[in-house]
Amino acid sequence: MKDQDFGCDLLVISPHTDDAEIGLGGTIATLSKKGRRIWVVDLTRGELGSNATSDERWAEAAEASRTLGLAGRLQLNLPDGFINATDRDHLMAVVWALRTFRPRWVVSAPDPVRHPDHVATAELVRRAAFLARLTELPVQEPEYLRWQDGSKVPNTADLWIVPTVLSVCPADGKPSLLFDVTEQWATKEKSLHCFASQFQRADHRRPTMINDGTFLERIQRRARNWGRRAGCQYAEAFCTDAVPVLNDFPDVEWRT
Ligand SMILES: [Zn+2]
């Protein structure tokens, strides 16, 4: 693993343009402050969203990307609402992303509950991470939009072995790790405010589960709950089937 030619440190893969910010905006901001290179790939253009056009949401995502300090961001064109973890084209698009961004860590976001795309994405990423290492599986570059302020899209490798795949932990799940995001919590909130069309209920907006005025409060509550568990003010939680292979105990706090 150590010899791999990493294209970025963290790749976040999510179905819709606000999912990365909701799921792990604090972790992204914390890592980017440390100089880590982070790319986000949004799988769909969000064409089934109740409020705002795809282009308006993409403009909001550009602002949020700047706020979080992303290295780059892409938006693919998989069908909103119909992401399918066993669909060959959907898998190939994610395999392409993994071979192109060659990440050290991959996180699928948000937590895989309720919305069918959220459930499917975690499984899609797990499957694609396996397929990405198979040299006999060629992939083609999918259609995408690139955040213009971000970095150039790197060259695609013939294969990529993904060392670690994580997903955002559901509120009632058992986290594999907790990430202290207290210092960058305000940055996460700022990134969420970029998505005004999704979170603010104005007269011309259709009511949804996330624009009823309590959404930010719910996100705060969850982060405070994980924070209580982590012994800090705000934390984000992740799940993974992988186990770390150590040759020393890391200098981090362990909490039960
Ligand atoms: Zn979503």
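The questions and answers below concern the pocket, aromatic pairs and salt bridges of a predicted model.

Q: Which class, nonpolar, polar or charged, has 25 residues in the lining of the largest pocket?
A: The largest pocket has a volume of about 2,000 Å³ and is lined by 43 residues. Among the elements that give two or more residues to this lining are helix H1 (19–33) and helix H7 (215–230). Eight of the lining residues are polar and ten are charged, while the class with 25 residues is nonpolar.

Q: Why is the pair of Phe6 and Trp160 classed as it is, and what is that class?
A: The whole structure holds six aromatic pairs. For Phe6 and Trp160, the ring centres are 5.6 Å apart and the planes meet at 80 degrees. Planes over 60 degrees apart meet the cut-off for one class, and therefore this pair is edge-to-face.

Q: How many residues apart in sequence are the parts that Phe6 and Trp160 tie together?
A: Phe6 belongs to the segment before strand E1 (8–14), and Trp160 to the loop between strand E5 (144–146) and E6. The pair therefore ties together parts whose separation in sequence is 154 residues.

Q: Is Trp160 buried or exposed?
A: Its partner Phe6 has a relative accessible area of 21% and is partly exposed. For Trp160 the value is 3%. The limit for one class is under 20%, so Trp160 is buried.

Q: Which residue has its charged end over the ring of Phe6?
A: The charged end in question sits 4.1 Å from the centre of the Phe6 ring. The residue that carries it is also linked with Asp9 and Arg36 in a network of salt bridges. That residue is Arg104.

Q: Which residue forms a salt bridge with Arg73?
A: Among the 14 salt bridges of the structure, the one of Arg73 has its closest N and O atoms 2.7 Å apart. Arg73 lies in strand E3 (residues 72–78) and its partner in helix H1, so the pair ties together parts 52 residues apart in sequence. Arg73 is buried at 0% relative accessibility, and the partner, buried at 1%, is Glu21.

Q: In which helix do Arg127 and Glu123 both lie?
A: Arg127 and Glu123 form a salt bridge with their closest N and O atoms 3.1 Å apart. Arg127 is partly exposed at 37% relative accessible area, and Glu123 is partly exposed at 28%. The two residues are four apart, about one turn of the helix, and both lie in helix H4 (residues 116–131).

Definitions and conventions
Residues numbered from 1 in each chain as written. Predicted model: local features only at pLDDT ≥ 70, side-chain atom pairs only at ≥ 80, totals over all residues. Heavy atoms only, no water. 1 Å grid on protein atoms, 1.4 Å probe; cavity = no way out; pocket = protein on both sides within 12 Å on 5 of 7 lines; lining within 4 Å. Points joined across faces, edges and corners; volume = space filled by probe spheres on them. Nonpolar A, V, L, I, M, F, W, Y, C, P; charged D, E, K, R; others polar. Phe/Tyr/Trp six-rings, centres within 6.5 Å; stacked < 30°, edge-to-face > 60°. Buried < 20%, exposed > 50% of the residue type's maximum accessible area, 1.4 Å probe, protein only. Lys NZ or Arg CZ within 6 Å of the ring centre and 35° of its normal. Salt bridge = Lys/Arg side-chain N within 4 Å of Asp/Glu carboxyl O.
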